[in-house]
Every structure is written in structure tokens, then in C-alpha cells.
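Q: Got a minute to go through this one with me? I'd like to start with how we call burial, then walk through the fold.
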Amino acid sequence: MHNLVMLLALLISLFLTNCASSRASGDAEARADQILQKLDENNDSKISKSEIKFPLNEKTFDKSDTNADGYLEKAEIVAYIESR
Ligand SMILES: [Ca+2]
Ligand SMILES: [Ca+2]
């Protein structure tokens, strides 16, 4: 009986850990969407240098533009949020 309680407790804590980590990446995606919606003035789903506004600045832009094409795509914004 005691073992069953321990097993249940273990399963619940594993479950909660899983939820927490998947929620974290979901947050980054949601935040990236928000940033895109707010900053993407020409609706091409990426941020160009002329669209930089808070919370982005030129320094974070250059750092986040990992393929150096001059645009921040959603994946690059997600990576930036997750790296903070
Ligand atoms: Ca744009
Ligand atoms: Ca890019």
C-alpha cells in the first residue's frame, strides 16, 4: 500500500515537470507571436530592421538574426526569448 502511494507521488511529480517544461516553450511561442503582431508592420511574418521597436533594439536584433538575412523570423524570436 505504501509503495503504491510512493509510485503515485512519483507519477504526479513527473507529470507536473512535463507540464511545466511544455508550458515554458509554449510561452516563448506565444510571446514571439505577440512581438510579431506588434512589430510586423508590413505583415510579412518577419521583423526587418526598420520595424525594430521595444522590446527589440538593434543589438538584440543582430544577436537574434542567426542566419544574418536582415530579418527576424518567428523561430529566431522564439530562440531569442528562450535564450534569455
Ligand atoms: Ca515585416
Ligand atoms: Ca533571420
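A: Sure. A residue is buried if 20 or more other C-beta atoms lie within 10 Å of its own, exposed if 12 or fewer, and partly exposed in between. Keep in mind that this is a predicted model.

Q: OK, so where does lysine 38 sit, and is it buried, exposed or partly exposed?
A: Lysine 38 is in helix α1. It is partly exposed because 14 other C-beta atoms lie within 10 Å, and partly exposed is the class in between 12 or fewer and 20 or more.

Q: How far is lysine 38 from phenylalanine 54, C-alpha to C-alpha?
A: Their C-alpha atoms are 9.6 Å apart, with the two residues 16 apart along the chain.

Q: And what kind of peptide bond joins phenylalanine 54 and proline 55?
A: A cis one, with omega at about 5°. Proline 55 belongs to the loop that runs between β1 (46–48) and α2 (58–64).

Q: Let's zoom out. What's the order of elements?
A: Starting at the N terminus, the protein chain goes α-β-α-β-α. That's three helices and two strands.

Q: How much of the chain is buried?
A: Of the 84 residues in the protein chain, 11% are buried.

Q: Which residues make up the largest nonpolar core?
A: There are seven: Ala32, Ile35, Ile47, Leu72, Ile77, Val78 and Tyr80. Two or more of them come from each of α1 and α3 (74–83). The top contributor is α3, which gives three residues.

Q: What about contacts, what share is long-range, say at least 24 apart?
A: If you take contacts in the protein chain between residues at least 6 apart in sequence, 39% join residues at least 24 apart.

Q: Switching to backbone angles: which phi does asparagine 43 have?
A: Positive, about 55°, even though asparagine 43 is not a glycine. You'll find asparagine 43 in the loop between α1 (2–39) and β1.

Q: Why does asparagine 43 count as exposed?
A: Because it has 8 C-beta neighbours inside 10 Å, and exposed means 12 or fewer.

Q: Now alanine 68: what's the phi there, and which loop is it in?
A: Alanine 68 also isn't a glycine, and its phi is positive at about 50°. The loop is the one between α2 and β2 (71–73).

Q: Exposed or buried, that alanine 68?
A: Alanine 68 counts as exposed, because it has 7 C-beta neighbours inside 10 Å.

Notes. Residues are numbered from 1 along each chain as its sequence is written. Chains are lettered from A and ligands numbered from 1 in the order in which they are written. This is a predicted model: local features need pLDDT of at least 70, side-chain atom pairs count only at pLDDT 80 or more; totals for chains, interfaces and linings use all residues. Helices (H or I, at least four residues) and strands (E, at least two) are DSSP runs, numbered from the N terminus. Two residues are in contact if their C-beta atoms, placed from the backbone, lie within 7 Å. A nonpolar core is a set of buried Ala, Val, Leu, Ile, Met, Phe, Trp, Tyr and Cys residues joined through C-beta atoms within 7 Å.
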